[in-house]
Amino acid sequence: MVSIAVLDDGIFIDCRKVMKKVTEYLFVDEYGKILPAEKIGCQTVTHGGLCAYIIQDVFSDVEFTSIRILNKEGRGKAEHLAAALNWCLDRNYEIIHMSLTTNSYYDYVLLKPIVSRLISKKRILVSSLSNEQVVSYPAAFPGVFAAFMDNSGFLKDSALGVFYSHGINKDFVMVHYQKTFYTDTGEICELKGANSFAAAVLSGGLAQIIQNKRTGSEVTDYISDLRKTGRIQEGRLIRIRPGGCSRTIPVVRIENDEEVLGWIKGFFENKGYEVAAFCGSGSNIGIPLSFYLENEKTIEESFFENMETIYSPDMIILGGDLEKYPVKAEVECLVCLENHFLTLKWKNGKQDCFKNKDEALSFLELRLQEDVSECS
């Protein structure tokens, strides 16, 4: 019997052969504590329930611990995922399954040391890639078994293959899996397409190896063995998805001055605004631009659209070298420090100069508020 912790929205499904394998129900509360969760009736099919179904469909000799960290909409906080992973450090789960993903830089920084500790303790972590095939975490961390569904037909009749991603230098398991089944109450469930389900197939396959070998160390050869028998594809995962929505938040550009970036970021945050600040890779003030711009350094409109989706800020502040990171999108204001004057250069060609920093930032706030109200 292989023990699997499923970090999801809870395992609930009208399927007795799945539910009888759940030995413990837990959830992470708002303070990050792991507490017993009530076993509610199976009037609904959860995402975690579908993943558990697939895992036991691939390999049945498993038992599950359900750790609920996501809400009914499938959303959650990275702090709750971190709490659940920390809790797993001292438990002997043979697989930690995560059909979830994030591409927030702050989540990356929070999760990386915890994931590294688990891997150093020879734990098997399985995660799905973003459905948009964007570099995402925990899947893209070294040592994490990661999977996505092949919806292109590349695998043809093969169930599994390997995708090697240049740039992050990592093998991902490609999965071909489709299944329709009925719950015990006659509800039809179709399982196809989603990378969450690909990760579940991978967890089931790894569970079978663990059961056969009864040692986690030999599982590390899984992908290299798969390379010998399965189809192999190489390519590059994108860092941000292509644009497709309109941007509604203002962007302020700083002319390569980290101090000014810090002034503006601190001013607006102290006023209660949510600020997403981006800068060159050597700064500690904002998110490194290199986290999202790997080779192509031109900042397009799609960059801002992605950041609005990921961080939901009230404004974006963009630092970094103007020549190294040219912008091909509309910027509301370029802020420069020239001869001890803060100069605000607006998109309409006008500019305002201030000797007093606070006056300049208050004027910037007022103008940005006017621009937002005009657009709404």
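## The open sheet

Let's begin with the sheet in this predicted model: seven strands make up an open sheet, arranged in the order 15-14-17-13-19-20-21, with mixed pairing. Strand 15 (287-288) and strand 21 (351-354) stand at the edges, and each has a single partner strand, so one side of each is left without a neighbour in the sheet. As a reminder, strands of a sheet pair through backbone hydrogen bonds, either parallel or antiparallel.

For a closer look at one edge, follow strand 20 (residues 341-346), which runs antiparallel to strand 21 and is joined to it by four bridges. If you would like a specific pair to find on screen, Thr343 has Cys353 in strand 21 as its bridge partner.

## Charges over rings

Two aromatic residues here each have a charged side chain over the ring. Phe341 has the charged end of Lys355 sitting over its ring, 5.0 Å from the centre. In the other case, Arg367 lies over the face of Trp346, at 4.0 Å from the ring centre.

## Aromatic pairs

There are 24 aromatic pairs in the structure. One of them is formed by Tyr292 and Phe303, an edge-to-face pair with 6.5 Å from centre to centre and 80 degrees between the planes. Tyr292 lies in the loop between strand 15 and strand 16 (299-300), while Phe303 belongs to helix 8 (residues 301-311), so the pair ties together parts that are 11 residues apart in sequence.

Both partners are hidden from solvent: Tyr292 is buried, with a relative accessible area of 3%, and Phe303 is buried at 0%. They also belong to a wider cluster linked by ring pairs, made up of Tyr105, Tyr106, Tyr108, Tyr137, Phe141, Phe278, Phe291, Tyr292, Phe303, Phe304 and Tyr311.

## Backbone features to check

Most residues other than glycine have a negative phi, and most peptide bonds are trans. Here are some exceptions worth finding. Tyr137, one of the cluster residues, is joined to Pro138 by a cis peptide bond with omega of about 10 degrees. Pro138 lies in the loop between strand 6 (124-128) and strand 7 (145-149).

Asn169 has a positive phi of about 50 degrees, although it is not a glycine. This residue is in the loop between strand 8 and strand 9 and is exposed, at 56% relative accessibility. Ser312 also has a positive phi, near 50 degrees. Its place is the loop between helix 8 and strand 17 (315-318), where Ser312 is exposed with a relative accessible area of 53%.

## Ile168 and its contacts

Ile168 is in the loop between strand 8 (160-165) and strand 9 (170-175). Which residues does Ile168 contact, leaving aside its neighbours within four places in sequence? They are Val135, Ala140, Leu237 and Arg239. As for Trp87, 81 residues away along the chain, its C-alpha atom is separated from that of Ile168 by 28 Å.

## Two packed helices

Finally, turn to helix 3 (residues 78-89) and helix 4 (residues 105-120), which pack at an angle of about 10 degrees with their axes 10 Å apart. That angle makes helix 3 roughly parallel to helix 4. Helix 3 makes the contact through Ala78, Glu79, Leu81, Ala82, Leu85, Asn86, Cys88 and Leu89. On the helix 4 side, the contact residues are Asp107, Leu110, Leu111, Ile114, Val115, Arg117 and Leu118.

Definitions and conventions
Residues numbered from 1 in each chain as written. Predicted model: local features only at pLDDT ≥ 70, side-chain atom pairs only at ≥ 80, totals over all residues. Heavy atoms only, no water. Pairing = 2+ DSSP bridges. Phe/Tyr/Trp six-rings, centres within 6.5 Å; stacked < 30°, edge-to-face > 60°. Buried < 20%, exposed > 50% of the residue type's maximum accessible area, 1.4 Å probe, protein only. Lys NZ or Arg CZ within 6 Å of the ring centre and 35° of its normal. Contact = heavy atoms within 4.5 Å. Axes fitted to C-alpha atoms, helices over the stretch in contact; angles between N-to-C directions. Parallel < 35°, antiparallel > 145°, perpendicular 65-115°, else oblique.
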